[in-house]
Amino acid sequence: MIYLKAFLVGGLICALSQILIDRTRLTPARILSAYVVLGVALTGLGLWEPVVRFAGCGATVPLLGFGYAMAQGVRSAVAESGLLGAFTGGLTAAAGGVAAAVFFSLLAAVFFSAGDRS
Amino acid sequence: MKLNRTEYRSLYQKASPSSPSLRNVPAAFVTGGAICALGQALKTLFLQAGLTEQSAAAAVSCALIFLGVALTAARLFEKLAKWAGAGTLVPITGFANAIAAPAMEFKTEGFVLGTCVKMFSIAGPVLTFGISASVLYGLILWLAGGAA
Amino acid sequence: MRRRGDTVFFDEPVWVESCAAVGGKKEGEGPLGARFDEIGPDNRFGQKTWEKAEKRMAELACTHALSKADVSPAAVTCALGGDLLNQCISSAFAMRGLGVPYLGLYGACSTMAEGLLLGAALISGGFADRTLCLASSHFCSAERQYRYPLEYGGQRPPSAQWTATACGAVLLRREKTKIAVTAATAGRIYDPGVTDSANMGAAMAQSAYETLRIYFRDSGTSPGDYDLILTGDLATVGHGLVRQLFAADGRPLGENYRDCGMLLYGPEQDVHAGASGCGCSAAVLCADVLPALAAGRLKTVLFCGTGALMSPTSANQGESIPGICHLVRLEGGR
């Protein structure tokens, strides 16, 4: 059941984003940035937690989930170590994803090159 | 015919075809949904392997990022994304592609000034805004906590 | 040589001696594919980077044009060339080996028309005996400079144009051949306020309309007097707009009005609104139009190169896109 919910909610987020891309001239970089900030904000307001509980990866795999993870990380880090946590919490929670993206991309650049596209 | 900018804009906007949303939106829905469902399946696997809830979530991110980078390296991501649009862009796979694509593209300008500098040319804003928003949220929590 | 308004009339014409077109894989698969002098089957032309591939393509076009005219580079008084890359490196680097006096041009997709205009003026004014006009673009080198990395997964809106991987080279000379350059109009900049760089056709359409209107006024002719009025590269959006603007003036353009951006690729080639890039109009001219003029299938042609003169910096700063259009009148079957 959770798979179906993940599919539906994740698909819905992507479909809404597609409408945004088609109807406005927002560039992908802007949309992704907005989603991460929105993810932090919605989590801060306590609105994203219920969606995650309902849809699992449908709510965490889209970039909103990146913001969600960072906000959660910051919340527990501030509770644990105060002001310093405000600075360490977000990036610590995102560390796995960022490190993986950087490292795998570097490997890809070493062993592969961009192809032709025509 | 002399047209002012407003008149010209209404003329060319009428002449410019709009994006085929009837095709794009279902494609984005199906692909995005499928990637999320795949993430869910991976998470189940990681949980069964004994990972904690939090570690499993991080592992799902890493695995999907690996998938995104691998598809980019295999020159398949761009072909899929042309069809799927936001369906591959919005999930974390899009973030991976946004870093891998410039990293591969600009290695002709060298590993340091090409690959490493340009790596963040698309995803940089995502990190900057994400980190800044989380710090801001942390400061608010700390101030609220201090006040309480 | 007479000047009336913005138009120069070469009473003693300047003549087209030879021309050559080199293209990439997609261009080879298009409707004009068989008419190119050479097709690079992998778009790389044996080079490691796309910039080098474009430079190689420009070298090949020059070599083909020179050998078709059976002249050595030493017989060329001056080369005029340009491309889309920063500091016009493709053309300049292609000239490294040729050893011909070189003047670099930037007119975006209007470069070939700009080169013909200047090359003809240099000869007509007595400053040169033979000029080589060159314009090139490469999809991959343009994409990585203006848009996104090639493997980045993005969608293009339907008004976007596909940068042609193509290069055209034209040799002009003083002595008579079958094709004459008989008039030229240098365009003014028009900026109708389009900021969307995925809609360059709309940004350039007004320039094409204005230059044509000025030329018809200066020459006392009308659209029906020509076998072919060819803009390049407005693609479907801009082509339709030029038609609308002329129709609103009460003198609609007929079937003789075409656009290079709609001729280079077939409808099944998924290039959205059509082709663009310096190489598009240059290649359509060299592969299709000039041979038709030489054979007498076309008698009078207005070749109108249109350029969108923005840069990634100006686009990021929110500037609208200035358009330009230069017109060259060609007459064939002499």
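A residue counts as buried here when its relative accessible area is under 20%. With that in hand, let us walk through this predicted model, starting with one strand of chain C.

Strand β10 (residues 228-232) of chain C has five of its five residues buried, so the rest of the structure largely encloses it. Its side chains alternate: L228(C), L230(C) and G232(C) point one way from β10(C), while I229(C) and T231(C) point the other way, and all are buried.

β10(C) also has partners, and the table sets them out.

| Partner of β10(C) | Bridges | Direction | Residues standing opposite |
|---|---|---|---|
| β13(C), residues 300-308 | Five | parallel | G232(C) and G305(C) |
| β11(C), residues 257-259 | Three | parallel | I229(C) and Y257(C) |

To get from β10(C) to β11(C), the chain passes through helix α7 (residues 235-248) of chain C, and this β-α-β crossover is right-handed.

Now step back to chain C as a whole. It is divided into domain 1 (2-173) and domain 2 (179-331), whose C-alpha centres lie 17 Å apart. Their contact takes 58 residues from domain 1 of chain C and 61 residues from domain 2 of chain C. About 4,600 Å² is buried between the two domains, with carbon and sulfur atoms giving 64% of that area. On the domain 1 side, D6(C), C109(C) and Q161(C) lose the most area to domain 2 of chain C, together 17% of what that side buries.

Finally, a look at chain B. Its helix α2 (residues 21-48) has 28 residues and reaches 40 Å from first C-alpha to last, close to the 40 Å expected at 1.5 Å a residue. Just after α2(B), G50(B) takes a positive phi of about 100°.

How values were computed:
Residues are numbered from 1 along each chain as its sequence is written. Chains are lettered from A and ligands numbered from 1 in the order in which they are written. This is a predicted model: local features need pLDDT of at least 70, side-chain atom pairs count only at pLDDT 80 or more; totals for chains, interfaces and linings use all residues. Side-chain values use heavy atoms; hydrogens and water are left out. Helices (H or I, at least four residues) and strands (E, at least two) are DSSP runs, numbered from the N terminus. The expected span of a helix is 1.5 Å times one less than its number of residues. Buried means under 20% relative accessible area, exposed over 50%, partly exposed in between (1.4 Å probe, protein chains only). Two strands pair if DSSP finds at least two bridges between them. A crossover is right-handed if, with the strands pointing away from the viewer, the path from the first strand over the helix to the second runs clockwise. Domain bounds come from an automatic or database domain assignment. Contact means heavy atoms within 4.5 Å. Buried area is the accessible area (1.4 Å probe) that two parts lose on being put together, summed over both.
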